[in-house]
Amino acid sequence: MFFVHISQAVVNNLEDAHEQIDTAISTAIKESKPVYISISCNLPSIPHPTFSRHPVPFFLSPRLSNHMNLEAAVEAAVAFLNKAVKPVLVGGPKMRVSKACKAFVELADACGYPVAAMPSAKGLVPEHHSRFIGTYWGAVSTPFCAEIVESADAYLFAGPIFNDYSSVGYSLLIKKEKAIIVQPERVVIGHGPAFGCVLMKDFLHALATRLKKNTAAYENFRRIYVPPGEPLASEPGEPLRVNILFKHIQAMLSGNTAVIAETGDSWFNCQKLKLPEGCGYEFQMQYGSIGWAVGATLGYAQAAKDKRVIACIGDGSFQVTAQEVSTMLRWEQNTIIFLINNGGYTIEVEIHDGPYNVIKNWNYTGLVEAFHNGEGKCYTAKVRTEEELKEALKAALGPKKDCLCFIEVIVHKDDTSRELLEWGSRVSAANSRPPNPQ
């Protein structure tokens, strides 16, 4: 099994087991990252004095910013941003591990700048904020968002990750000299200076009290913004289109739901969903791991029992980790899984096409019924038209609301989002370029 972790404890004897386990758990809590603990199978039943006493209260000293560095970083950032005419704020995925989401909103409220989120930060930046302008994802951004971000004369990125996926093949039109990059423990302003030992949440909190309010960029956004339209209505019996599916998914969202988006075209379709306050959202961009969403759905639903999870998963991805549905049934989860069956690895077709992107079709609903095997609560449906989709949703949200609901949605193999076509061509060009000369 391949497991990415920040620390590991391999316990082969009991003399240092207590210390190894405490160290691993402490590291996980401090870094907000996974650790790996391996214990030899012949040890757990053996008593040892270090485990016989009552547990000692566990306390971790908080990580603190260097006060002088923090003050210097805030002063430099204030001077940089207060002289800008139309600055913007962009939230990134590292805000979560930095526990800085609340401080980011505090800064957004205070400064008046338009607020955008990088794609992997969707769900971390509240979309009900009065100055939220959408997802900044270069050429595949929310309409009018990239124009405002890239035309700004200053931008603050909180916890960004710039890779080939998040930068659309390294095609973002942002300039380093205009940027303040705030990482979990470091602030870099333009080409310099850089300030270390500064916690993101402390920096954002302090900055919120010092910036002049400036709504110029948001006013520009309001001038150019045109509300999005509705997809073309379906004719009776017309094959179901993906944009019609997501129109119905949008209507399902509330503060009591959470969305899990699988790698593939669901990335782009789910990015366009407008999340109500309290609605959870997860997707995995750093590695683009197909099949991730099935296990993630299992884990999320088990932890967040107050939310109904809605998972959007492609057929190719589902084939990698389908067996996790069995465990969902065992634990009586009431997740709704939309299995989007378009006959292959559609995202890979747009990056690098070939016969290996066509996969063997499965009887997906039949497979889930086999997992069910008469035990637990399960509802399956196979839909090809909007009328059939409506019937399936009526059941999933009504009499089958306590069941695991698996809805196979059969769509045309070329039914993709506009954003995937654009993103795929740019990432393909970046990945196929000649190597840089050494």
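## A small cavity beside helix 3

The lining of the second largest cavity holds 6 nonpolar residues, 1 polar residue and no charged residues. This is a predicted model. The lining residues are Phe104, Val105, Ala108, Val115, Val125, Pro126 and His129. Helix 3, residues 101-111, gives the most to this lining, with 3 residues.

The second largest cavity has a volume of about 30 Å³. The structure holds 2 cavities of 30 Å³ or more.

## The largest pocket

The largest pocket has a volume of about 1,800 Å³. Its lining counts 49 residues. Nearest the centre of the pocket lie Glu31, Ser32, Lys33, Pro34 and Val97. Four elements give two or more residues to the lining: helix 1, helix 5 (200-208), strand 11 (280-283) and helix 9 (292-303). Helix 9 gives the most, with 4 residues. By class, the lining of the largest pocket divides into 24 nonpolar, 13 polar and 12 charged residues.

Two of the residues nearest the centre of this pocket, Glu31 and Ser32, return below. Glu31 belongs to a salt-bridge network with Arg63 and Glu185. Ser32 has an unusual backbone angle, with phi near 55 degrees, a positive value in a residue other than glycine.

## The second largest pocket

The second largest pocket has a volume of about 1,100 Å³. It is lined by 35 residues. Closest to its centre are Pro143, Pro228, Lys272, Leu273 and Lys274. The elements that give two or more residues to this lining are strand 5 (132-135), helix 6 (216-224), helix 7 (242-252), helix 8 (265-271) and helix 15 (418-431). The lining has 15 nonpolar, 11 polar and 9 charged residues.

Lys272, one of the residues closest to the centre of this pocket, also pairs with Glu419. Their side chains meet in a salt bridge, with N to O at 3.0 Å. The pair links distant parts of the chain, 147 residues apart. Glu419 sits in helix 15, and Lys272 in the loop between helix 8 and strand 11. Glu419 has a relative accessible area of 7%, so it is buried. Lys272 is partly exposed, because its relative accessible area is 42%.

## Other salt bridges

The count comes to 12 salt bridges. Lys122 and Glu127 form one of them, with N and O 2.7 Å apart. Lys122 is at 6% relative accessibility, so it counts as buried. Glu127 is buried too, at a relative accessible area of 19%. The cut-off for buried is under 20%.

Glu238 and Arg241 form another salt bridge, with their closest N and O atoms 2.7 Å apart. Here the cut-off divides the pair. Arg241 is at 18% relative accessibility and therefore counts as buried. Glu238 has a relative accessible area of 21%, so it is partly exposed.

A network of salt bridges links Glu31, Arg63 and Glu185.

## A nonpolar surface patch

Ile25, Ile29, Ile37, Ile39 and Phe58 form a nonpolar patch on the surface. Together they have about 430 Å² of accessible area. Helix 1 (17-31) and strand 2 (35-39) are the elements that give two or more residues to the patch.

Ile29 lies in helix 1. Its relative accessible area is 48%, so Ile29 is partly exposed. Helix 1 also gives two or more residues to the lining of the largest pocket.

## Backbone exceptions

Most residues other than glycine have a negative phi, and most peptide bonds are trans. Three sites depart from these patterns.

Ser32 has a phi near 55 degrees. This residue is found in the loop between helix 1 and strand 2, the two elements that give two or more residues to the nonpolar patch. Ser32 has a relative accessible area of 31%, so it is partly exposed.

Phe144 also has a positive phi, of about 80 degrees, although it is not a glycine. Phe144 is found in the loop between strand 5 and helix 4 (145-150).

The peptide bond from Gly192 to Pro193 is cis, with omega near 10 degrees. Pro193 is found in the loop between strand 8 (186-189) and strand 9 (194-196).

Note on methods. Residues numbered from 1 in each chain as written. Predicted model: local features only at pLDDT ≥ 70, side-chain atom pairs only at ≥ 80, totals over all residues. Heavy atoms only, no water. Patch = residues over 30% accessible without salt bridge, like charges linked within 9 Å, V, L, I, M, F, W, Y side chains within 5 Å. Areas by Shrake-Rupley, 256 points an atom, 1.4 Å probe, with all protein chains shown as cover. Salt bridge = Lys/Arg side-chain N within 4 Å of Asp/Glu carboxyl O. Buried < 20%, exposed > 50% of the residue type's maximum accessible area, 1.4 Å probe, protein only. 1 Å grid on protein atoms, 1.4 Å probe; cavity = no way out; pocket = protein on both sides within 12 Å on 5 of 7 lines; lining within 4 Å. Points joined across faces, edges and corners; volume = space filled by probe spheres on them. Nonpolar A, V, L, I, M, F, W, Y, C, P; charged D, E, K, R; others polar.
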